[in-house]
Every structure is written in structure tokens, then in C-alpha cells.
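Biologist: I am new to this structure and would be grateful for a close look at a single part of it. Please set the answer in the wider picture of the model.

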Amino acid sequence: MQSVSAEGLPRLALASEVKSGLATAGIVLAAGTLALNNTLVGVFFDDGLYAGLATALASGLGYVHPHLPGTPAAVHYPPLYPVVLTPLFGLLRVETAAFAAKVLNLLLAALSAGLVAWHAARTDLLGPASPRWLAPTLVGAAALAIPVLAMQSVLFAEPLFGVLLAAAVILADRGGSPWLVGTAVALALLTRSIGVAAGAGIACFLFWRRAPWRTVAMTLAPVAAAGAAWSVWVLAHEGDIDPAFSLGYGNYSEHLRQAGVSALGVNAPDLPRPLETITLGWIPVPWVYHLAATAALGVGLYGLTVLARRSAIGFTLVFYLLILAIWPHPPDRFLWAVLPWLALAWAVGALEFWRRWARLRIPVALLAALLVGGYLQYEIRGFAGRWWETQARAISANFADLLPVIADLPAGAVVATDDEPLVWLYTRRAAVPLYLERYRGREPVRPTPPEHRAYLERMGVTHVLLASATSPSAGQLRSLMEAYPGWLTGVYRWSGGRWLFEVKRGR
């Protein structure tokens, strides 16, 4: 039997960790190909905005919204992801560019999962006594969650954000160059604004490790520079966005200004809901569900406190969740972006409970079985039903039916519609949002008919497209038509109560 020298052990361990990362990335890449699709880009609004911004950059218009009248500057989304998409939408047709971008997202998602799995194995993130296969398995399973697949199969920035966040955490944990750590965080911030949580989290981690002040300052310097540059752009151009749709297009501070701290009472309790849905949603008995959900939340929070002492991702997740607690929108998409890290944090908590308190081993094992079993049945049903594409395909098929008529409108037409970036991308007709909303505290406020009409006239709207008779826009449009009979005239009707209206000037 051949022996292995002591010097060879680190090499074997390193090879094992690299294989874990590669295997995880390979599985995510292979399974993720199932989510590739040819649905229209723009079905989830944000993906259409990213594609439109990339098209504007490629056309030399600058960082603007090309579908809005007057092409106002973009201040809602940081620019890095549109910049990455610019070569695709500058060189290829929309349909081809959209598919190429989805392939790019798949590659980024696989790279992110591989990096997280490799790092978790390399640093014994779950603890030295944990099975070596556990961390890669958790990361791979989380990266293949149905909502994660749905998110990476459209043009969302989360896969790129995931790679940059993983790079920042790995560099920070391994004592990498402060400038490199800070640059990775800065790029994450310029991809998704919530990347600021990584800056705060990594700074706290460095302080925890008693890093010199100079190291912390050097780490935060690129982050501060990126944040300042983006803030200057936003402050200089936020006035270009019409107040009527500032929630969808304006400065992120507009959300907080309208909702205020009142959102905290609603959002904080809602944070665990998406995770409970994919793991415990199968439990039919309410009291059992709530008991299991409360216990799972406790284990997860304990895991975060332990993880914060082992890795920069611990403090980062704390700040990340604090931001979501005051953000006046559902947390789902934000949680899916860091799901592999959250799965590792929960496992850290469960393993620590198991190791420290023998009397809790049976409850912890039962809770883990409930979560794993629930997640597996959710995934099996989701893969069988291809849940990741259900909504996107329905929206895409609907607009594929509508777009030919919109494309035949005069070149100077301005259409008020849902999914307005999508309409512009495939017809090149200017388009503005039909549905309007703002917040007063935690309550959404709808526009009055006079406010709605004034907005449409301000935008120079010539046509109104009702893409779905059951959408929230239908209710607002109905109120508008009741208040101003004869102002809108139907010029085309599709099945299912879908209409194209023309605005009658002077009525």
C-alpha cells in the first residue's frame, strides 16, 4: 500500500477542494442549461431596463433610458451590468443578444457557486468536524433552487453580483490585498446598490480580526470612490425622472423617503417568508409550520453569529438583512441572490448546536430533516413542472401577440403600457409606464384620474395598451375612462379583453 508524506497532505486537500468547486460549478452549469429559454427580454421589467441601457450605451446615447420620451439619464440602477451587456446588444439582434446574455448569466452563476463551494471547503467554513461533502452539496442545492433558476434565466444582475461578492469575501477571508478586496466590493456595489452591505460587513470583519486601521481604510477607499462617483451621477440627474414614476426609475432614496421607517414593521417579519416557502411550505398544520419556522429562524440567526467570527460573509449578511428589513419591497429576489451563503450560515448554526449541546441533537436532526425533505419535494415538483419559466413564458407569449400591432404605429407614437422597456426593445416605439404607484408610509397610493391624465399628457402619450384585463393597470385605466369618457378610443382589440386605445386630443 502506497503511503502519503506529510508534505503531500496539503496538496491532496487542495486538490479535493478544487474538485469540490469544479464539481459544484459543473452541476450548476449542467442543470442550469434547462432554464435557458427564448422568452422575450423584458418580461420582468428590470431585465428590459438592463437591455435598454446596454442598447443606449452601444448606440452612443449614454447611460439613459432610450424608451422614455426625452431619454432621461438612468439613476435607478448602477451601471456595471449594463456595461457588461453592451457588446452583446451593440453587435447582435435583440433576440440573439438576449439569448447570449442568458448564457452569460448561466456561466456567471456556475462560477459563483464554484467559488463559494471551493472557499467553504478550503476554509472549513462549516467547522473542521463537518463532512467535506456537506458544504459543496449545500451550495449546489441552493444554486439550483427554482427561484434562483428563474432569476438567472432572465437578464438580472444577480449572477454577476454573486461572482463579485464571492471574490470579495474570499479575498477578505484570505487576507488578500486591501486594494483588491475593496475593488471587488466596489464592483459589486456598481452592480447592485445593496453591495454596500459587503463594504460594511468586510470592514467589521477586519476590525474583528484586529486589522490595522490603515488596512481597513485601504479596503474601503475603492468602495467610497465608487459610491461617491455613483452618488454624484444620481444627484446630478435624478431630476430628469418624472415624479409620477420615480419609484420605478428614480433614486433608491425615493423609496425610503415615501415609505419611511413604517416599512420596518412589515418587512422585518416578512424576511424569512421566501425561505420558509421553499422548505416548509408543504406542512399543512399551521402550528407545526410556525413552530418549525421559528426554530429554523433561531438556528439561522445563531449560525450568522458564529459565521461572523469565521468569514467576512457573516457580517456582510447581517448588514444585507438589515437593509432588507427597511426596504419597502418584498425581499425574495434579494435573498435568492445570496441563497448559497444563507444555506451555509444555517448549516453552521445547526452543526454548532449539534456539537455543543447533546440534548438538542434530536430536535436539530428532526428540524434539518423537515427542511431538507421539504426542499427536495419542492425542487422535484419544480423541475418536473419547469416552474422557473412558467411566468416568463406566459408574459412573453402575451406580448408576442401584441407587439406586431404596436410596431405598425407611427414612428412618433408614445405608448403607455406595462413592461414598457420590452415594448420599446421589440418595436422601437417610445413607451412609458401605464401603472402608477407611490407610498404614503407603508400604504400604496394610487393616482387620481386627473393626476393620471395629467401625467399621460405630460409624457405625450398617443396610445394606451392594456396588455392584460386582470392586471393592476386595468383598474387604473377603468377609473381614467370613467372620469373622461371619449378621451380614449379603442382602435384594436385582442382576445381576453386586451385593448389598444388611441388618445383623442382636445377631449
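Why does Thr219 count as buried or exposed?

Modeller: The model is a predicted one, and the reply begins with the residue in question. Thr219 counts as buried because its relative accessibility is 4%, and the cut-off for that class is under 20% relative accessible area. The residue is found in helix H10, which covers residues 213–237. When residues up to four places away in sequence are not counted, Thr219 touches Pro178, Val181, Gly182, Ile202 and Leu206.

A second buried residue leads to the enclosed spaces of the model. Trp336 has a relative accessible area of 9% and is therefore buried as well. Its place is in helix H17. Leaving aside neighbours within four places in sequence, Trp336 is in contact with Pro147, Val148 and Met151, and also with Pro274, Leu275 and Ile278. Trp336 and Ala142 are 194 residues apart in sequence, yet the distance between their C-alpha atoms is 8.6 Å.

Trp336 also belongs to the lining of the largest cavity, where it is one of the residues nearest the centre, together with Ser112, Val148, Ala337 and Pro340. Val148 is thus both a contact of Trp336 and one of those nearest the cavity centre. This cavity holds about 230 Å³ of space and is lined by 16 residues. By class, 12 of them are nonpolar, three polar and one charged. Several helices each supply at least two residues of this lining: helix H4 (94–122), H5, helix H6 (146–152), helix H7 (158–173), helix H17 (332–337) and H18. H4 gives the most, with four residues.

The count of cavities of 30 Å³ or more comes to two. The second largest cavity has a volume of about 70 Å³. Its lining consists of Ala120, Ala121, Asp124, Leu125, Leu126, Gly127, Ser130, Pro131, Arg132 and Ala135. Six of these residues are nonpolar, two polar and two charged.

From the cavities one may turn to an open space. The second largest pocket has a volume of about 1300 Å³. It is lined by 43 residues, and those closest to its centre are Leu342, Ala343, Trp346, Ala347 and Leu371. The lining divides into 37 nonpolar, four polar and two charged residues. Helices H5 (134–143), H14 (273–280), H15 (286–307), H16 (312–326), H18 (339–356) and H19 (361–385) each supply at least two residues of it. Helices H5 and H18 therefore serve both spaces, since each supplies at least two residues to the lining of this pocket and at least two to that of the largest cavity, helices being DSSP runs of at least four residues.

The last part of the picture is a sheet. Five strands form an open sheet of mixed pairing, in the order S2-S1-S5-S7-S6. Strand S2 (430–433) and strand S6 (488–494) are the edge strands, each pairing on one side only. On average, neighbouring strands of this sheet are turned by 25° against each other, direction ignored.

The pairings can be followed from the S2 edge inward. S1 and S2 run parallel and are joined by four bridges, and within this pair Val415 stands opposite Ala431 in S2. Helix H21 (residues 420–427) lies across S1 and S2 and runs at about 170° to S2. Strand S1 (residues 414–417) also pairs with strand S5 (residues 463–466), in the parallel sense over two bridges. Here the bridge partner of Ala416 is Val464 in S5. S5 in turn pairs with strand S7 (residues 498–503) in the antiparallel sense over four bridges, and His463 stands opposite Glu502 in S7.

In a regular strand the side chains alternate between the two faces of the sheet. In S1, Val414 and Ala416 point one way and Val415 and Thr417 the other way, and all are buried. In S5, His463 and Leu465 point one way and Val464 and Leu466 the other way, and again all are buried.

Conventions: Residues numbered from 1 in each chain as written. Predicted model: local features only at pLDDT ≥ 70, side-chain atom pairs only at ≥ 80, totals over all residues. Heavy atoms only, no water. 1 Å grid on protein atoms, 1.4 Å probe; cavity = no way out; pocket = protein on both sides within 12 Å on 5 of 7 lines; lining within 4 Å. Points joined across faces, edges and corners; volume = space filled by probe spheres on them. Nonpolar A, V, L, I, M, F, W, Y, C, P; charged D, E, K, R; others polar. Pairing = 2+ DSSP bridges. Axes fitted to C-alpha atoms, helices over the stretch in contact; angles between N-to-C directions. Contact = heavy atoms within 4.5 Å. Buried < 20%, exposed > 50% of the residue type's maximum accessible area, 1.4 Å probe, protein only.
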